[in-house]
Amino acid sequence: MPKRPPYFSEQHGSWVIPLTGCVLCLVDEDIAKSLGQLNWCAFSHRGERWYAIRNPVQRHLTGAPLIRMHRVIISAEQGQEVDHRTHY
């Protein structure tokens, strides 16, 4: 069970996956139920954009890159360039 389970927000009219630092990630219900089973962190790139990320299992041993939620949602291959819409 995640430390911060997903929930439906009446205020936002959307499902929410809570991230660290009181940051919220608004997602569709199917994404909330699948990716919401994991803990996600808020990561700010140069203070300009927020990303939902998590560490892969045993990253300290493998050196694997961080896992970005938007890449998981679209099943992006490693090295594949992706773009996503940012909503504030």
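Which residues does S9 touch, not counting residues up to four places away in sequence? The exercises below work on a predicted model.

**Exercise 1. Place S9 and list what surrounds it.**

Step 1. Find the element. S9 lies in strand β1.

Step 2. List the contacts. Setting aside residues up to four places away in sequence, S9 touches S14 and V16.

Step 3. Look for a polar partner. The side chain of S9 makes a polar contact with the side chain of H12, at 2.9 Å.

Step 4. Decide between buried and exposed. The relative accessibility of S9 is 7%. Buried means under 20%. S9 therefore counts as buried.

**Exercise 2. Work out the order and pairing of the sheet strands.**

Step 1. Read the order. The sheet is open and has three strands, in the order β1-β2-β3, with antiparallel pairing.

Step 2. Mark the edges. β1 (7–9) and β3 (24–27) are the edge strands, and each pairs on one side only.

Step 3. Note the twist. From one strand to the next, the twist averages 45°.

Step 4. Recall what pairing involves. Strands of a sheet pair through backbone hydrogen bonds, either parallel or antiparallel.

Step 5. Take β1 with β2 (residues 14–18). Three bridges join these antiparallel strands. Y7 stands opposite V16 in β2.

Step 6. Take β2 with β3. Four bridges join this antiparallel pair. Here P18 stands opposite L24 in β3.

**Exercise 3. Describe the link between β2 and β3, then the two faces of β3.**

Step 1. Name the motif. β2 and β3 form a hairpin, with five residues between them.

Step 2. Inspect the turn. G21 sits there and has a positive phi of about 70°.

Step 3. Sort the residues of β3 by face. C25 and V27 make up the covered face. L24 and L26 make up the uncovered face.

**Exercise 4. Find the largest nonpolar core and say which elements supply it.**

Step 1. List the members. The core has twelve residues: I17, L19, V23, C25, V27, I31, A32, L35, W40, A42, A52 and M69.

Step 2. Assign the elements. β3 and α1 (29–35) are the elements that give two or more residues to this core. The largest share, three residues, comes from α1.

Step 3. Connect the core to the sheet. C25 and V27, from the covered face of β3, are both in the core.

Step 4. Follow one member, L35. Leaving aside neighbours within four places in sequence, L35 is in contact with I17, W40, M69, V72 and I73.

Step 5. Set this in context. In soluble globular proteins, nonpolar side chains tend to be buried together.

How values were computed: Residues are numbered from 1 along each chain as its sequence is written. This is a predicted model: local features need pLDDT of at least 70, side-chain atom pairs count only at pLDDT 80 or more; totals for chains, interfaces and linings use all residues. Side-chain values use heavy atoms; hydrogens and water are left out. Two strands pair if DSSP finds at least two bridges between them. Axes are lines fitted to C-alpha atoms, for helices over the stretch in contact, and angles run from 0 to 180 degrees between N-to-C directions. Buried means under 20% relative accessible area, exposed over 50%, partly exposed in between (1.4 Å probe, protein chains only). A polar contact is a pair of N or O atoms within 3.5 Å; within protein, one must be able to donate a hydrogen and the other to accept it, and residues adjacent in sequence count only if both atoms are side-chain atoms. Contact means heavy atoms within 4.5 Å. A nonpolar core is a set of buried Ala, Val, Leu, Ile, Met, Phe, Trp, Tyr and Cys residues joined through side-chain atoms within 4.5 Å.
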